[in-house]
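Q: I'm new to this structure and would like a close look at one topic. Could you walk me through its salt bridges, one pair at a time?

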Amino acid sequence: MKDFAAIDFETANGSRSSVCSVGIVIVRDNEIVDRFYSLIRPTPNYYSHFTTRIHGLTREDTDSAPVFPDVWAQVADRLEGLPLVAHNRPFDESCLKAVFRTYQMDYPDYPFFCTLAASRRTLKLPCYQLHVVAAACGYDLANHHHALADAEACAAIALKLL
């Protein structure tokens, strides 16, 4: 696969629709050609202690951020015709579908691929967390749980394994 978009969401709480940031890395002809990051005002708009501890974001960070439809309007054209790739596809795909449902948006039925599944099939590692797989693929993930950094790591893994 030489053309794709790696995507990563962070959520504010246990609800999959509570996306509070997104990172997207566009790859064409095996080269990163575009990056996108945005904070998002989540729905529902509250943060659990657990999620804040993971990614460091709080309600104060996103209260003035755009809502998901406004953010997606900035990237939808860039994603047209591209498959999406995520590390742990079931999570990111379910977040995307949930937030589309929440805002009653028509879901484009993106094809989705998973670097977690690919790494389990092809690599022998002690675990398959994003930072471990990224390191095995030669990528140093310095800012884990920042959506853009995670999307960049996912893109690096996809370029090696998919």
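A: Here is a tour of the salt bridges, pair by pair. Please keep in mind that this is a predicted model. Searching the whole structure turns up six salt bridges.

Let's begin close to the start of the numbering, where K2 and D29 meet through their side chains, with 3.4 Å from N to O. K2 belongs to the segment before β1 (4-11), while D29 sits in the loop between β2 (19-28) and β3 (31-39), so this pair ties together parts that are 27 residues apart in sequence. How buried or exposed are the two partners? D29 has a relative accessible area of 49%, which makes it partly exposed, and K2 is also partly exposed, at 45%.

Next comes the bridge between R78 and D34, whose closest N and O atoms are 3.0 Å apart. This pair, too, links distant parts of the chain: D34 is in strand β3 and R78 is in helix α3 (residues 68-79), 44 residues apart. R78 counts as partly exposed at 30% relative accessibility, and D34 is partly exposed at 25%. For D34, that value is above the 20% under which a residue would count as buried.

A further pair is R59 with D63, again with 3.0 Å between the closest N and O atoms. R59 is partly exposed, with a relative accessibility of 39%, and D63 is partly exposed as well, at 36%.

To finish, look at R89, E93 and K97: salt bridges link these three residues in a network.

Definitions and conventions: Residues are numbered from 1 along each chain as its sequence is written. This is a predicted model: local features need pLDDT of at least 70, side-chain atom pairs count only at pLDDT 80 or more; totals for chains, interfaces and linings use all residues. Side-chain values use heavy atoms; hydrogens and water are left out. A salt bridge is a side-chain nitrogen of Lys or Arg within 4 Å of a carboxyl oxygen of Asp or Glu. Helices (H or I, at least four residues) and strands (E, at least two) are DSSP runs, numbered from the N terminus. Buried means under 20% relative accessible area, exposed over 50%, partly exposed in between (1.4 Å probe, protein chains only).
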